[in-house]
Amino acid sequence: MDTVEIKAHAKLNLTLDIIGKRDDGYHDLQMVMQAVELHDTVRVARRDCGIECSIDCAALPSGEGNIAHKAARCFFGATGIDGGVSIDIEKRIPFAAGMAGGSTDAAAVLHAMRSLFAPMMDDAALLEIGAKVGSDVPFCILGGTALAEGRGERLTPLAPMPRAPIVLCKPDFPISTPELFSLVRQGKITRRPDTAAMIDALSRADADAVGAHLCNVFEDILPEKYAEVHAIREQLLALGAAGALMTGSGPTVFGIFDDEDTAHHAAETLQKRYPQTFLTYPV
Ligand code: C5P
């Protein structure tokens, strides 16, 4: 086997809570994460030496500046394997969007490199390499539905989210994750998720309760310049979403719907103003 092709799925946050700031500059988090069908396609081919990385999106770095390249460097560094890879990324997931678009490409590279170079490597070892690449990479390696704690690397698989159409809407501006983290003042957060209630809703496959417990503390501290995020959330609810939330550090907002027709109509309506609108499903 010389080439591996992998679907690199986007993620959503059903909850995001910030527990505290750590000495290493990162924050301790508690997040219920969900993988969705929207994906990039990542192809990794074996070569004799060196790492090449290309991506079909001019706004993102190819080569060393891409987190997928970093993933390959970390894999070779951690395993001591002497080899090379060519990475080719077909981008569909919006970037700087709160959907782990870069982290999921990195996770796909790690999965592919395990298949190509170290099929006996266990999941724990792959997750450990992922944590060195980026905070969201371990969840992207695992996929499905999971509680992520610590920096994001401590994972507990959860009962799957009930299958429901999800409309994702990414407004035309990025939000920098470090910038938003720098605005966190613990005492100022007024609305926090009830993580236990979300986990309970998932274990009962209670879609209404999942919608009711969506909560992301970043929504609370968004600067005024990003007010459009709140407007999109209101629009999704007005268009019939059972629940709606900003994912991660934004600015993408998603709505969970009870039925296909309403979701299709909402996606079509939002797409007119926001071209980066997608209808997707949990995986
Ligand atoms: O780990 P990653 O490079 O994806 O994180 C990007 C930035 O997000 C970090 O440099 C840090 O500013 C912030 N971050 C954080 N706490 C986390 C995850 C990310 O403060 N748990």
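Reader: Which side-chain N or O atom lies 2.5 Å from an oxygen atom of the ligand?

Author: Happy to start there: the partner belongs to Ser135. A polar contact here is a pair of N or O atoms within 3.5 Å. His27 also offers a side-chain N or O atom, 2.8 Å from a ligand oxygen. A nitrogen atom of the ligand is 3.1 Å from a polar backbone atom of Arg151. The protein buries 73% of the 450 Å² that the ligand exposes when taken alone (accessible areas by the Shrake-Rupley method with a 1.4 Å probe).

Reader: What kind of model is this, and how are residues numbered?

Author: The model is predicted: local features need pLDDT of at least 70, side-chain atom pairs count only at pLDDT 80 or more, and totals for chains, interfaces and linings use all residues. Residues are numbered from 1 along each chain as its sequence is written, and side-chain values use heavy atoms, leaving out hydrogens and water.

Reader: Which residues surround the ligand?

Author: A residue is near a molecule if one of its heavy atoms lies within 4 Å of it. Here the ligand is surrounded by Gly25, Tyr26, His27, Leu29, Gly134, Ser135, Arg151, Thr177, Pro178 and Phe181. By class, that shell has four nonpolar, five polar and one charged residues, with Gly counted as polar.

Reader: Why does the ligand lie between two domains?

Author: Domain bounds come from an automatic or database assignment. Domain 1 (3-157) and domain 2 (166-280) both contribute residues to the shell, so the ligand lies between them.

Terms used
A polar contact is a pair of N or O atoms within 3.5 Å; within protein, one must be able to donate a hydrogen and the other to accept it, and residues adjacent in sequence count only if both atoms are side-chain atoms.
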